[in-house]
Amino acid sequence: MYPYFYGFDPTYMLIIIGAVLSLGASAVVNSTFRKYSRVRSLSGMTGAQAAQRILNSAGIYDVSVQHISGNLTDHYDPGAKVLRLSDSVYGKTSVAAIGVAAHECGHAIQHQHSYVPLRLRTAIFPVASFGSKIAWPLILLGIILSMSQTLIYAGIFLFSFAVLFQLVTLPVEFNASRRAVKILDESGILYGDEVGITKKVLGAAALTYVAGAAAAILQLLRLLILFGGRNRD
Ligand SMILES: [Zn+2]
């Protein structure tokens with residue numbers, strides 16, 4: 001019935017391309033971050049200090065800056081109003097550390113200003129994470145039960161929310177980095193060349209989101225090729 005499950009599935013190439021893009025992007029981010037982690041900022045500020053200063057200068061006093069273990073695990077948690085900075089950012093005085101800290105502050109500022117793509121992203125998240133978990137089980141159930149296309153289409157439809165989530169993530173991430181570079185430049189936390197270095201670090205970080213979105217689109221494309229146009233029964 002479904003030869004794809006027994007032999008080589010050519011559409012699997014799409015998944016492999018997505019995986020290679022994601023791996024390549026994360027390799028670029030890691031090497032760029034490592035490189036500029038060795039460049040100490042002239043201000044001598046740590047990532048945490050820079051974050052605190054940026055938040056305060058944006059009039060944000062209800063977001064706390066905390067340490068989180070791990071590598072590049074930095075994030076802003078809008079629910080808890082906590083900015084978590086990783087080992088190589090929180091207590092480090094490198095230009096890369098300050099750049100990442102400022103990027104996370106960019107998200108806190110987006111939150112403060114109710115930036116529309118961020119609100120959209122938060123709204124889509126539950127459906128997207130449910131959709132990416134339930135899509136394949138629904139599709140397989142649709143096949144096993146030999147039912148009409150309904151279950152299969154429902155699976156593909158739900159998966160498309162995971163793709164939408166990845167796409168909405170792009171403006172959120174690009175905007176946070178743009179805000180970060182602008183603030184670091186204007187506030188004098190970074191000087192001269194340091195701003196350009198930060199752009200490189202954050203530009204590399206943005207690649208992972210672009211690769212993530214591309215991988216999600218390729219997965220959706222694969223689902224559509226495999227199951228989208230089938231008209232049996
Ligand atoms: Zn971000």
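**Helix packing, salt bridges and surface of the predicted model**

Helices H4 and H7 cross in a right-handed manner. At this crossing the two helices pack at an angle of about 65 degrees, and their axes are 9 Å apart. On the H4 side the contact is made by Val-95, Ala-96, Gly-99, Val-100 and His-103, and on the H7 side by Glu-194, Ile-197, Thr-198, Val-201 and Leu-202. These details, like everything that follows, come from a predicted model.

Helix H4, which covers residues 95-112, also meets helix H6, which covers residues 150-187. Here the axes come within 7 Å and cross at roughly 115 degrees. The crossing of H4 and H6 is again right-handed. From H4, the residues in contact are Ile-98, Gly-99, Ala-102, His-103, Gly-106, His-107, Ile-109 and Gln-110. From H6, they are Val-172, Glu-173, Asn-175, Ala-176, Ser-177, Arg-179, Ala-180, Ile-183 and Leu-184. Readers following the structure may like to look at Gly-99 and His-103: both are listed in the contact of H4 with H7, and both are listed in the contact of H4 with H6.

It helps to place these helices in the chain as a whole. The protein chain has 7 helices and 3 strands, and along the sequence they follow the pattern α-α-β-β-β-α-α-α-α-α. The C-alpha trace spans about 70 × 35 × 25 Å along its principal axes. Of the 233 residues in the chain, 44% are buried. Among contacts between residues at least 6 apart in sequence, 75% join residues at least 24 apart. The accessible surface comes to about 11,800 Å², with 64% of that area belonging to carbon and sulfur atoms.

Two residues of helix H7 give a closer view of its surroundings. Tyr-209 lies in this helix, which covers residues 193-228, and Tyr-209 counts as partly exposed because its relative accessibility is 30%. With neighbours within four places in sequence left aside, Tyr-209 is in contact with Thr-169, Leu-170 and Glu-173. The C-alpha atoms of Tyr-209 and Ile-15 are separated by 16 Å, although their positions lie 194 residues apart along the chain. Val-210 is in helix H7 too; its relative accessible area is 39%, so Val-210 is also partly exposed. Apart from neighbours within four places in sequence, Val-210 is in contact with Leu-170 and Phe-174. Leu-170 is thus listed for Tyr-209 and for Val-210. From Val-210 to Gly-70, 140 residues away along the chain, the separation of the C-alpha atoms is 23 Å.

The structure holds 4 salt bridges. One of them joins the side chains of Asp-9 and Arg-222, with N and O 2.6 Å apart. This pair links distant parts of the chain, since Asp-9 is in the segment before H1 and Arg-222 is in helix H7, 213 residues apart. Asp-9 counts as buried because its relative accessibility is 7%, and Arg-222, at 11%, counts as buried as well. The cut-off behind both assignments is a relative accessible area under 20%.

A salt bridge is likewise formed between Arg-84 and Asp-77, where the closest N and O atoms are 3.1 Å apart. Asp-77 has 22% relative accessibility and therefore counts as partly exposed. In helix H6, the side chains of Lys-182 and Glu-186 meet in a salt bridge of 3.5 Å, N to O. Because they are 4 residues apart in this helix, Lys-182 and Glu-186 are separated by about one helical turn. Both ends of this bridge count as exposed, Lys-182 at 52% relative accessibility and Glu-186 at 60%.

On the surface, Phe-8, Tyr-12, Met-13, Ile-16, Ile-17, Val-20 and Leu-21 form a nonpolar patch. Together these residues have about 680 Å² of accessible area. One of them, Val-20, is found in helix H1, which covers residues 12-37. Val-20 counts as exposed because its relative accessibility is 52%.

Finally, Asn-56 is found in helix H2, which covers residues 47-57. With a relative accessible area of 28%, Asn-56 is partly exposed. Asn-56 and Phe-227 are 171 residues apart in sequence, and their C-alpha atoms are 52 Å apart in space.

Notes
Residues numbered from 1 in each chain as written. Predicted model: local features only at pLDDT ≥ 70, side-chain atom pairs only at ≥ 80, totals over all residues. Heavy atoms only, no water. Patch = residues over 30% accessible without salt bridge, like charges linked within 9 Å, V, L, I, M, F, W, Y side chains within 5 Å. Areas by Shrake-Rupley, 256 points an atom, 1.4 Å probe, with all protein chains shown as cover. Buried < 20%, exposed > 50% of the residue type's maximum accessible area, 1.4 Å probe, protein only. Axes fitted to C-alpha atoms, helices over the stretch in contact; angles between N-to-C directions. Left-handed = near helix turned anticlockwise from the far one by under 90°. Contact = heavy atoms within 4.5 Å.
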